[in-house]
Amino acid sequence: MPKIRGFSGSVNKMVKKGGSNTGNLTETLMEELNCETVFTLPVVGGISESVVVTWIIMAVLVLLSIILTRNLSVDNPGKVQLALEAGIGWAQDFFEGIIGKESRRYIPYLITVLLYLAAANTLAPLCGFKPPTKDLNVTAALAIMSMCLIEFSGIRKNGVVHWVKHFAQPVPVVAPITVLEIVIRPLSLCMRLFGNMLAGFVVLELLKFFVPLIIPIPVSFYFDIFDGLLQAYVFVFLTALFMTEEME
């Protein structure tokens, strides 16, 4: 018993010694999770930081689209036009390989979501803004939009009657489980994107706490750029994959 008491006492001392640092990390994490209200509109109410950053990203993407496509030429395409055509061509071929050429009408939406997530996950933190994808409301909204697109694609291709009947296939007993998939799909998309972005922030803060000088630099490059682009790719890839399953 004296040994156990001595051990517990040493643990308490260690907790008290690192309590302030742990508390600072907890406060930093809570600040990262909290969505501050930037300003208030009379009818809408409070506008959060994630919404404002989303508006900025939308404005930047629209301006870039106007600037980069204002001097397009068929006979003498420039280097910028060739790069854009190569990028768009790759994206179209990639999504057509998943959802098929007959469903190419959905590709512009998937490319738009891919560009938004890539900008939100990489450019926002590099410019000093909090990534909107660290807000659970943003990832939930994107997941709900994907859910609507997934179900709409199945209804458009196979019809409402076939869409209703497929819930009871292969046997009617599995109907509740099949209906539950409509909720599970957007929930998995939402929590996967939100959880990975939040996990990257926690890992960076822990590295800054234990090794504050050299290691966080390459790790920050990984989580702010590579992992952000990877999560954008995974989100649209799974959306296209779910669409294919629903249409089949």
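Rings of Phe, Tyr and Trp (its six-membered ring) pair if their centres lie within 6.5 Å; planes under 30 degrees apart count as stacked, over 60 as edge-to-face and the rest as tilted. By this rule there are 5 aromatic pairs. The model shown is predicted, so local features need pLDDT of at least 70 and side-chain atom pairs count only at pLDDT 80 or more, while totals for chains, interfaces and linings use all residues. Residues are numbered from 1 along each chain as its sequence is written, and side-chain values use heavy atoms, leaving out hydrogens and water.

**View 1. An aromatic cluster takes in Trp-90, Phe-94, Phe-95, Tyr-233 and Phe-237.** Phe-94 and Phe-237 have ring centres 6.3 Å apart and planes at 35°, so this pair is tilted. Phe-94 belongs to helix H4 and Phe-237 to helix H9 (residues 216-247), 143 residues apart. Tyr-233 and Phe-237 are stacked, with centres 5.8 Å apart and planes at 15°. Phe-237 is partly exposed (between 20% and 50% relative accessible area, 1.4 Å probe, protein chains only), at 27%; Tyr-233 is also partly exposed, at 34%.

**View 2. Here is helix H4 (residues 79-99).** Its end C-alpha atoms lie 30 Å apart, in agreement with the 30 Å expected for 21 residues at 1.5 Å a residue (1.5 Å times one less than the number of residues). Among its buried residues (under 20% relative accessible area) are Phe-94, Phe-95 and Ile-98. Just after H4, Gly-100 has a positive phi of about 90°.

How values were computed
Helix = DSSP H or I, 4+ residues; strand = E, 2+ residues; numbered from the N terminus.
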